[in-house]
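Grab a coffee and open the viewer. Below is a protein to look over, followed by a few exercises with worked solutions.

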Amino acid sequence: MGEHMNNKIEIFDTTLRDGAQGEGVNFSVVDKLDIVSALDGLGVAYIEAGNPGSNQKDLAFFERAQGMRLKSARLVAFGSTTRRGVPPKHDQNCLSLLDANTECVAIFGKSWDMHVKQVLRAELGENLSMVEDTVRFFREAGKEVFFDAEHFFDGFKHNREYALKVLEAAARGGADCLVLCDTNGGCFPDRIYELTGRVCTLFQTRVGIHCHNDCGMAAAGSVMAVKAGACHVQGTLNGIGERCGNAALSTVIPNLQEKLGYACIPAGNMARLTETARAIAETTNLAPDAKAPFVGVSAFAHKGGMHIDGVSKISRSFEHVAPESVGNKRRFLTSEMSGRGAIMPILRKYAPNISKDSKEAAELAGILKKLEFEGYQYEAAEASFELVARRHLGHGRSFFDLISYRIINEQDNTSSALIKLRVDGKEEVTAADGSGPVHAMDRALRKALEMFYPNLKKMRLIDYKVRVLESRDATAARVRVLIQSTDGAEVWGTVGVSANIIDASWKALTDSIEYKLLKG
Ligand SMILES: [Zn+2]
């Protein structure tokens, strides 16, 4: 590190604006307030929180947001340049932007001549005045103004002179930052580097970058823009956004800060990166991306026996950064392939001094083999394996015992579950309906347990997978059910195997609940 130690990079998160344009994403006002708090806690500089001109809900959000005390972030309202032939002070969208009452505004304007002529249907000169006048209007209203040059890279390719004229117009209007947007996400990182560098030498104004992931290179493009001199990076923490999404800031931030020595967020906050990404995924109601660099649940998951052996000796042998540095954790995936090395960390949680050659380790390795033969698989279900290990070591504390259950499937495809349990020495009987047997079971089980264990309310199932296993003999085929659950902070997997799908689901479901209760 070192050489860039004092180079401050402004992180501008647009989860609530560009991210909200992603497929399957829909935020309520309360969701938005939660996400603002999470991003502010991480220490980003700017949060673009909506488009008050085009969306009533966004205006309601900005009203509520005024009461928030933010530690580091400033809120940004987003909107377009004024309409053709209308001065900004008479343009309804510009006025709504003022109503949002934020310290900062982001104004997008066209920088590709084709768009000006054929989409906006304006004269090229007219668009330049619209850009300049709008930026000036907001500067005079005391706002910090980001000018988003939409389609800058495509515009430059087709008419470089005009694309630069648009930036000049924004600079003349007093823009605080010229943001170069790869709106269609089709520009390669080397080209982004070259053009960003060129703009940085031509203008005194701060330069920013806004990349989309249509070529899978949004994070790379953002990093290259910073290397070329941009000091402002726009993206969304989890990479959600139009089409293939925006640059994932959870990738860009640690690359810039941990690898290149730029300062994006306060150093002490880097360890919050993973939990913030998962909390936002939770609010967004999307399953967190397991393979996300740095913050994914698989980002530091080792499976091959040699890898596990290597990492156990020297972590950097198979890890490019330390998982703790970004608040993630190392996982050894338990499977026949990984050998005894993978089960040791789980054993040591309960018996710290146990060795690889101990009787317990040998026994547990034997149990694992046997269970895998029966069709269990713990690679994506380490919570279940941890419960197996605990029980084997005699630590199994039972939070509840099942006495019986009954599932009734109705003709309209709904199901009801009747469950009899013993909790805390008492017998509990509950019933619940659901949109299928597993849903009904989950609801009935929670009904019985939530009174005793209120923190189960935070937990929810995010994935349910069923796989029919090839039968090894003439008996009925077995099924394996894998369930993934989250409480917003952690994601864990559990597994159940049985000839009966309801029974297999029950096993995975109760393991998941037991694991959550064990975490406390
Ligand atoms: Zn965008």
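Three exercises follow, each with a solution in steps.

A quick note before you start: this is a predicted model, where local features need pLDDT of at least 70 and side-chain atom pairs count only at pLDDT 80 or more, while totals for chains, interfaces and linings use all residues. Residues are numbered from 1 along each chain as its sequence is written, and side-chain values use heavy atoms, with hydrogens and water left out.

**Exercise 1. Which residues coordinate the zinc ion, and how are they spaced along the chain?**

Step 1: Look for donors, meaning N, O and S atoms within 2.8 Å of the metal (3.2 Å for Na, K and Ca); water is not among the atoms, so sites may look incomplete. You should land on D18 (OD), H210 (NE2) and H212 (NE2), at 2.0 to 2.2 Å from the zinc ion.

Step 2: Read off the spacing, which is D-x191-H-x1-H.

Step 3: Place the ends. D18 sits in the loop between β1 (10-13) and α1 (29-42), and H212 in the loop between β7 (206-211) and α9 (218-227), 194 residues apart. Helices (H or I, at least four residues) and strands (E, at least two) are DSSP runs, numbered from the N terminus.

**Exercise 2. Which residue forms a salt bridge with E48?**

Step 1: Apply the rule: a side-chain nitrogen of Lys or Arg within 4 Å of a carboxyl oxygen of Asp or Glu. Over the whole structure it gives 35 salt bridges.

Step 2: Pick out E48. Its partner is R17, with the closest N and O atoms 3.0 Å apart.

Step 3: Locate both: E48 belongs to strand β2 (residues 46-48) and R17 to the loop between β1 and α1, 31 residues apart.

**Exercise 3. How do domain 1 and domain 2 meet, in buried area and salt bridges?**

Step 1: Get the bounds, which come from an automatic or database domain assignment: domain 1 (10-284), domain 2 (301-393) and domain 3 (401-519).

Step 2: Take the buried area (accessible area, 1.4 Å probe, that two parts lose on being put together, summed over both). Domain 1 and domain 2 bury about 540 Å², 48% of it on carbon and sulfur atoms. On the domain 1 side, K259, A271 and T274 lose the most area, together 60% of what that side buries.

Step 3: Count salt bridges across this interface: the rule finds zero.
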